[in-house]
Amino acid sequence: MRYRRPRPSLAQGAATTLMFGVLVFLLSPLLVVAAASLGPGDRPYVSFPPAGFSLHWYFEVPARYWQAIGFSLAVAAGTALASVVIAIPAALGLVRSSFRGKTFVALLLRAPLQIPYVVTGIAFLQAYYLLGSATGLHLRASYPGLVLGHLFLATPYAIGSIAAVLARLNPRLEEAAASLGASPWRVLRRVTLPVILPGIYGGALYAFIISFGEVPVALFLGGAGRTTFPVEMFTSMQFDFSPALLAVSTAVLLISFAVLILIQRSIGFDAVVRAGSAR
Amino acid sequence: MIGNRRCLALALLAVLVMPTWTQAQEERFDGVTIRVATWGGSWRDRMQELIGAEFEKRGGKVEYVIGNALENFNKLIAARGQKPPFDVMEFQSDLWKPLLDAGFLAPLPFARLTNAAGHSPQQRDDVTVSTWTLEEGIVYNADKFKALGLSKPQKYSDLFNDKLKGRVAWPDISYGPYAIIGLATEDGGDELNVDPGLKRLQEAGIGYYYKSSVELSTKFASGDVWAAPWHAGWAVRVKRTNVPLAMSFPAVKDRHGIIASGMVGIVKGNEVQKAAEFWVNRYLSPEVQEKLGRANGIAPINAAALNAMRGDPFLAELMLLTPEDIGNAYSINWAKIDLSQIIDKWNRIIAR
């Protein structure tokens, strides 16, 4: 007997239409930016639909934008790496240990989420000045200074992502390894870490995204020759507008899509998203 | 008596020696890095093109600390007592008094700033010097006004005409207090009493308060907005793309239009004083003043540059370009204005 696929109900059809509607709504600003970047001529405003087709502005992107993108990528990569290095032991401690004041420590680790970014920026700037005058170590307008500032913002997300996966890990796996003679370090390296890998990837991805798109802290902690891409864009838009901004934004958008596809192909984006959403 | 041959030899020697002598006179900045706090985007690019490139030609290096002037002022506050985060700072009239009160700026050696010689006492003080004039008025779509049978707006309240309902944008207070002060003067107020302006604006029921000039320029270009209090610089830049804009400088007390100044100062505690002086002096040169003025629709302080711009009919149509017209515009008393109080009132009455 031939299998007949059941006809979709009216509700299913409505849900699908709604889903596509939401998708178009969410993506439409990006599509407008991409389309407007193809317009010819210099103009101090966004022109949509474009009056023609030209790749002119893609060749006219000022070097400072590419430099800022390079610097932002370096800061975001440093932040992602450092945040997971901190987050792994922190998540292990929070999930596996039982000690007095654990709730307080957990709250403390989430505290950066409650503080407005502008306040964080000013606080770090003041702290760097004090540190500089006391020790001669000047972190303001430096790469490590910016990574530290972003680490403060991003680490709670990384901890949350890793802790969520860790909480679902069956402890019998580790017990089995230990009963077969594996040392605690070997158990961590060969059993725990591989299993929580999606959480680590997820945490690193969140940290990267937060660092790459962050403005207020970078505005205060950046400086001469140390300007991140969002700050460069923000300050450009405050004074003026050039279609080159649309071109560089579209280029970043395409790079981001390429990275997402790469993640999907290599580790599976579903795992990353699941790890993050389980927080 | 000197013979002809000797005369010729002396002249030749003078020709040969002159370039070397001139070069020796040209100040060098080898190994010097100057940090300049200024606005981002194309403004920074222009600073580099007009001033930075010349500084680098003389061996120096320029680093830009980009951000709006208030953010840079906050950085100075955070760095109080330490090495300043930059050496030269650009800002506008609204920050003039806070900067003076905070004592962040070093005295300017006007004897060495030869390009500031023509500045009037209103255009300089011990620690700041004006670099350009921003001209605030009403920007409007000339075609739409013509089609509606409306004449050029003569006062801010002309924008509350029923024919313009839903097509007028008004600046949010974060843009600056110019328009609300202008409106207040129509009912006896001024910068020290903006209440009449706030009341009038509240009654007018403006639907759109713009916070970003880029957003407004897009709405002007798309035809969504037909008129707005704005500055001539944007009218110049948008009209260059064939959007049919015109400019009006409405009555403000017994004057027309409102002006604000761009200023520059050298930060106290800097370690590159000579370079900072070069920067300021070059900024005030006729060449830089004119190029900057033409590109951005701002009026130069330098008289020769202003005169040169006056010859451009496109600019003359949109800007005040005679010393008399600029002098006849309303200048806000920045020493007495209480901006935080105005912002507070705005938030309670308009933005609630």
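## Close-up views of a predicted model

**Figure 1. Where the two domains of chain B meet.** In this predicted model, 18 residues of domain 1 of chain B are in contact with 19 residues of domain 2 of chain B. The domain assignment gives each domain in two stretches: domain 1 takes residues 31–133 + 260–325, and domain 2 takes residues 135–259 + 331–349. If you would like a scale for this view, the C-alpha centres of the two domains of chain B are 27 Å apart. The C-alpha trace of chain B spans about 85 × 50 × 35 Å along its principal axes. Chain B has 15 helices and 13 strands, and 54% of its 352 residues are buried. Among contacts in chain B with a separation of 6 or more, 70% join residues 24 or more positions apart.

**Figure 2. The largest pocket, with residues from both domains of chain B.** What volume does the largest pocket have? Its volume is about 1200 Å³. In chain B, several elements each give two or more residues to the lining of this pocket, namely α3 (69–78), α4 (96–102), β4 (129–141), α9 (232–239) and α15 (339–349), and α10 (229–239) of chain A does so too. The lining comes to 35 residues, and those nearest the centre of the pocket are Q92(B), D94(B), S174(B), Y175(B) and G176(B). Sorted by class, 19 lining residues are nonpolar, 11 are polar and 5 are charged. Why does the pocket lie between domain 1 and domain 2 of chain B? Both domains give residues to the lining, so the pocket lies between them.

**Figure 3. Helix α10 of chain A, a contributor to the pocket lining.** This view turns to the chain A helix that gives two or more residues to the lining of the largest pocket. Is α10(A) mostly covered or mostly exposed? The helix is mostly covered, with 8 of its 11 residues buried. The buried residues of α10(A) are F229(A), P230(A), V231(A), E232(A), M233(A), T235(A), S236(A) and F239(A). Two of these names return in later views: V231(A) helps to line the largest cavity, and E232(A) belongs to a network of salt bridges.

**Figure 4. The largest cavity, lined by residues of both chains.** How many cavities of 30 Å³ or more does a search of the whole structure find? The search finds 1, and the largest cavity holds about 50 Å³ of space. From chain A, the lining takes A218(A), L219(A), G222(A), G223(A), R226(A), T227(A) and V231(A). From chain B come Y64(B), V65(B), I66(B) and K75(B). Two elements each supply at least two lining residues: α9 (216–221) of chain A and β2 (61–66) of chain B. With 3 residues, β2(B) gives the most. By class, the lining has 6 nonpolar, 3 polar and 2 charged residues.

**Figure 5. A salt-bridge network that includes residues of both chains.** Here R64(A), E232(A), R44(B) and D45(B) are linked by salt bridges into a network. For the wider picture, the count over all chains comes to 25 salt bridges.

**Figure 6. The K61(B)–E63(B) salt bridge.** The side chains of K61(B) and E63(B) meet in a salt bridge, with an N to O distance of 3.4 Å. K61(B) has a relative accessible area of 46%, so this residue counts as partly exposed. E63(B) is also partly exposed, at 22% relative accessibility.

**Figure 7. A salt bridge between distant parts of chain B.** E186(B) and R200(B) form a salt bridge, and their closest N and O atoms are 3.7 Å apart. This pair links distant parts of the chain, 14 residues apart: E186(B) is in the loop between α6 (178–185) and α7 (195–204), while R200(B) is in helix α7 of chain B. E186(B) is partly exposed, with a relative accessible area of 23%, and R200(B) is partly exposed at 25%.

**Figure 8. A salt bridge along helix α11 of chain B.** In this last view, R294(B) and E290(B) form a salt bridge whose closest N and O atoms are 2.9 Å apart. Both residues lie in helix α11 (residues 286–296) of chain B, 4 residues apart, which is about one turn of the helix. An α-helix has 3.6 residues a turn, so residues three or four places apart point the same way. R294(B) is partly exposed, with a relative accessible area of 27%, and E290(B) is partly exposed at 23%.

Notes: Residues are numbered from 1 along each chain as its sequence is written. Chains are lettered from A and ligands numbered from 1 in the order in which they are written. This is a predicted model: local features need pLDDT of at least 70, side-chain atom pairs count only at pLDDT 80 or more; totals for chains, interfaces and linings use all residues. Side-chain values use heavy atoms; hydrogens and water are left out. On a 1 Å grid over the protein atoms alone, a cavity is a set of points where a 1.4 Å probe fits but cannot get out, and a pocket is an open set with protein on both sides within 12 Å along at least five of seven lines; lining residues have an atom within 4 Å of a point. Grid points are joined across faces, edges and corners, and a volume is the space filled by probe spheres set on the points. Ala, Val, Leu, Ile, Met, Phe, Trp, Tyr, Cys and Pro count as nonpolar, Asp, Glu, Lys and Arg as charged, and the others, Gly among them, as polar. A salt bridge is a side-chain nitrogen of Lys or Arg within 4 Å of a carboxyl oxygen of Asp or Glu. Buried means under 20% relative accessible area, exposed over 50%, partly exposed in between (1.4 Å probe, protein chains only). Domain bounds come from an automatic or database domain assignment. Contact means heavy atoms within 4.5 Å.
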